[in-house]
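User: Please give me a close look at how one part of this model packs together, and follow the packing out to whatever surrounds it. Keep it chatty, but spell out the cut-offs.

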There are 2 protein chains.
Amino acid sequence: MTKFLLSLNLAVKESLVIALDEFSFIDTIKQSMYKQSSLLKGIGDDAAVIGSIEQELVISKDMFVENVHFAKHTMKSYDIGYKALAANLSDMAAMGAKPAYYLVAISIPNDWPISEVYSIFQGMRDLADKFEIDLIGGDTVSGKELVISITIIGYGQKDRIRYRSLAREGDIVFVTGTLGDSQAGLYILNTPGNYRDSSYFINRHQQPIPRVEFALELMRLSRFSLNDISDGIASEANEIAEASNVTLVLKEENIPVHLAFQQFDSELQYKWKLFGGEDFELIGTVPREDWGTVQSVADKMNVKVTPIGYVTQKQESGFVLLQNRQNTVQRLDKKGFNHLSR
Amino acid sequence: MTKFLLSLNLAVKESLVIALDEFSFIDTIKQSMYKQSSLLKGIGDDAAVIGSIEQELVISKDMFVENVHFAKHTMKSYDIGYKALAANLSDMAAMGAKPAYYLVAISIPNDWPISEVYSIFQGMRDLADKFEIDLIGGDTVSGKELVISITIIGYGQKDRIRYRSLAREGDIVFVTGTLGDSQAGLYILNTPGNYRDSSYFINRHQQPIPRVEFALELMRLSRFSLNDISDGIASEANEIAEASNVTLVLKEENIPVHLAFQQFDSELQYKWKLFGGEDFELIGTVPREDWGTVQSVADKMNVKVTPIGYVTQKQESGFVLLQNRQNTVQRLDKKGFNHLSR
């Protein structure tokens with residue numbers, strides 16, 4: 001099948017057709033050289049071919065839809081591409097895998113100028129270059145709304161894949177960075193006003209940094225569980241607890257937030273830090289004896305890590321328990337704020 | 001990132017939410033067991049994990065959009081899923097690769113009942129079962145129109161990958177099956193009337209058979225080029241010729257069509273067989289001395305193969321030349337019927 005040629009519907013805009021005829025879309029987005037040595041064939045045939053190497057292959061696929069996952073008035077085209085790939089890189093981080101390749105399928109509405117489409121790919125490429133990963137295939141079609149699907153492929157070591165099921169009783173629960181920043185950034189973009197550190201929050205929303213290197217640097221640890229915080233810590237902590245059949249006890253006051261986070265309504269703070277998502281930080285559980293290693297790796301990588309709780313045997317009261325400043329313990333469900341029995 | 005949970009927008013239909021709450025979409029589409037022995041982790045974490053094996057990995061990704069690639073009035077939900085996966089399997093066939101895994105990202109509009117979404121996945125699963133491939137990941141989101149993106153992964157042998165660039169002067173050009181059937185089927189679906197063999201043509205449009213086993217059975221051949229006919233033989237033949245820097249001379253009268261094909265207007269026949277696409281047959285070029293092997297493999301696999309031309313050194317007059325019954329030769333371009341200088 002011919003890839004990266006638009007399957008144009010009849011209603012497609014003349015300018016888009018002309019632009020694609022003139023510049024050949026594929027040549028513009030195709031890398032002139034590839035960074036990964038295991039690649040045998042990139043873009044240009046019915047499929048890409050990756051040479052066999054003695055490592056496990058870690059593979060993940062996402063889909064992003066305009067006005068569901070992002071909106072044009074809060075995200076530039078460049079950011080849309082950047083963030084879509086960041087979310088996929090974050091999945092690699094969550095597995096402790098080293099990203100190597102990505103494929104992009106995109107459905108483009110007629111009212112998107114071709115220059116904006118290039119910007120999307122440029123946003124992906126700039127982030128890809130940072131992590132030395134190669135675009136090796138995909139598909140470009142036309143549709144009513146912008147839809148991007150990315151497939152990412154990385155390498156992992158068999159006994160160093162960081163499954164959610166690897167949390168054990170006695171583990172320390174930790175998170176990287178600060179939580180709720182992305183939602184705060186989105187709020188600022190949507191709610192005119194004067195905010196402290198607004199560019200910080202907006203940047204965290206538009207160009208989050210996946211914690212790939214940090215997760216790889218923890219390769220020396222033999223066992224720990226890891227999840228990336230794409231859907232909010234409540235959801236991710238529950239996934240670890242369920243997969244490992246344990247209970248995670250989190251201390252609310254220990255959940256790290258940015259200094260300027262307190263300028264927002266306290267209800268919003270609570271909602272964003274627990275259920276906000278899209279910070280693409282990591283939550284993990286490590287044996288107590290390995291906590292020192294995590295801290296020293298974090299120092300070295302200039303990544304903030306915070307212990308926020310511990311793992312205990314599975315409790316009747318729930319998979320994740322949240323302990324507040326008054327030592328009241330409540331169940332923290334996967335779902336949003338409204339579902340909490342506060 | 002949590003996969004296979006709907007990222008619901010606010011406008012999403014109540015019934016869809018309820019259906020997904022009650023039945024947990026992921027549990028319904030998740031395989032209870034996996035067929036591929038190299039799989040270490042399927043659906044259920046941030047990514048799937050495939051164990052290292054000593055073969056090349058062949059990977060491809062497509063995207064299909066409702067009313068661009070398929071329409072509800074000509075394709076049942078089951079067929080949409082079936083055909084989307086068939087197109088991807090066809091890419092594996094075109095590389096001479098053995099398909100092993102697939103991932104599915106899908107954007108579902110609010111007006112698609114959840115039962116129809118299950119049918120899409122059932123169509124994929126039934127075809128996947130035939131080829132013993134496993135669904136190992138993906139994403140499910142909501143959007144304005146149905147969009148399906150499939151990533152397929154297969155295994156190949158380094159010196160047995162069937163690149164488009166492997167055509168050589170003196171090769172015989174061949175195709176499998178008959179061409180234009182899919183477009184004839186679509187025409188029948190859209191144009192009420194009495195047609196001979198209508199169910200044959202309709203089935204070829206709705207449930208095409210990718211030629212995976214045939215391509216694998218040709219593993220004994222050391223060198224040949226191969227492409228699948230997804231966009232029409234004109235386009236695919238040009239891709240082989242360009243990639244190999246040769247000219248393909250095709251004899252129009254040798255291009256195989258179904259017996260009942262002649263019931264259609266001759267202009268339509270010409271258009272469908274050359275530019276129709278979606279037959280998912282194969283076009284290849286083999287050394288003359290290997291033609292006997294191709295024929296015997298075809299007999300064994302009960303696949304029709306037809307020699308339709310030969311490969312010659314690159315001609316000034318074009319990459320693909322079409323010779324008609326009157327021995328007039330004309331250039332056959334990649335693009336549609338209208339672009340032909342007849």
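Analyst: What follows starts with one helix and works outward from there.

First, the ground rules. This is a predicted model, with local features needing pLDDT of at least 70, side-chain atom pairs counting only at pLDDT 80 or more, and totals for chains, interfaces and linings using all residues. Residues are numbered from 1 along each chain as its sequence is written, chains are lettered from A and ligands numbered from 1 in the order in which they are written, and side-chain values use heavy atoms, with hydrogens and water left out.

Let's begin with helix H5 (residues 181–190) of chain A (helices are DSSP runs of H or I with at least four residues, strands are runs of E with at least two, and both are numbered from the N terminus). Its buried residues are Asp181(A), Ser182(A), Gln183(A), Ala184(A), Gly185(A) and Ile188(A) (buried is under 20% relative accessible area, exposed is over 50%, partly exposed is in between, using a 1.4 Å probe and protein chains only). Those residues pack against H3, H6 and helix H9 (266–275) of chain A. Over in chain B, the buried residues of H5(B) are Asp181(B), Ser182(B), Gln183(B), Ala184(B), Gly185(B) and Ile188(B), and their cover includes H3, H6 and H9 of chain B.

Now for the H6 partner. The axes of H5(A) and H6(A) (residues 198–206) are 7 Å apart, at an angle of about 110 degrees (axes are lines fitted to C-alpha atoms, for helices over the stretch in contact, and angles run from 0 to 180 degrees between N-to-C directions). H5(A) and H6(A) are therefore roughly perpendicular (that label covers 65 to 115 degrees; under 35 is roughly parallel, over 145 roughly antiparallel, and the rest oblique). The crossing of H5(A) past H6(A) is left-handed (the near helix is turned anticlockwise from the far one by less than a right angle; clockwise would be right-handed). On the H5(A) side, the contact uses Asp181(A), Ser182(A), Ala184(A), Gly185(A), Leu186(A), Ile188(A) and Leu189(A), and they meet H6(A) residues including Tyr200(A), Phe201(A) and Arg204(A) (contact is heavy atoms within 4.5 Å). By class, that contact splits into seven nonpolar, five polar and two charged residues (Ala, Val, Leu, Ile, Met, Phe, Trp, Tyr, Cys and Pro are nonpolar, Asp, Glu, Lys and Arg charged, and the others, Gly among them, polar).

The loop between H5 and H6 of chain A holds Asp197(A). Asp197(A) isn't a glycine, yet its phi is positive, about 50 degrees. Most residues other than glycine have a negative phi. With 40% relative accessibility, Asp197(A) counts as partly exposed. Glu278(A) also has a positive phi, about 65 degrees, without being a glycine. Glu278(A) sits in the loop between H9 and strand S10 (281–286) of chain A, and at 21% relative accessibility it is partly exposed.

H3(A) brings in another helix. The axes of H3(A) (residues 77–95) and H4(A) (residues 114–130) come within 6 Å and cross at roughly 40 degrees. That makes H3(A) oblique to H4(A). This crossing is right-handed. Among the residues touching are Tyr78(A), Tyr82(A) and Leu85(A) from H3(A), and Ile120(A), Met124(A) and Leu127(A) from H4(A). The contact has nine nonpolar, five polar and three charged residues.

Next, the sheet. Six strands form an open, mixed sheet in the order S1(A)-S2(A)-S3(B)-S6(B)-S4(B)-S5(B) (two strands pair if DSSP finds at least two bridges between them). Its edge strands are S1 (39–41) of chain A and S5 (134–142) of chain B. On average, neighbouring strands are turned by 20 degrees against each other, direction ignored. Nine bridges join S4(B) (residues 98–108) to S6(B) (residues 147–156) in the antiparallel sense, and Lys98(B) stands opposite Tyr155(B). H3(B) packs on this sheet, touching S2 of chain A together with S3, S4 and S6 of chain B. H4(B) packs on the sheet too, touching S4, S5 and S6 of chain B, with its direction about 175 degrees from that of S4(B).

Finally, strand S9(A) (residues 246–251): five of its six residues are buried, so it is largely enclosed by the rest of the structure. S9(A) runs antiparallel to S11(A) over five bridges and parallel to S12(A) over four.
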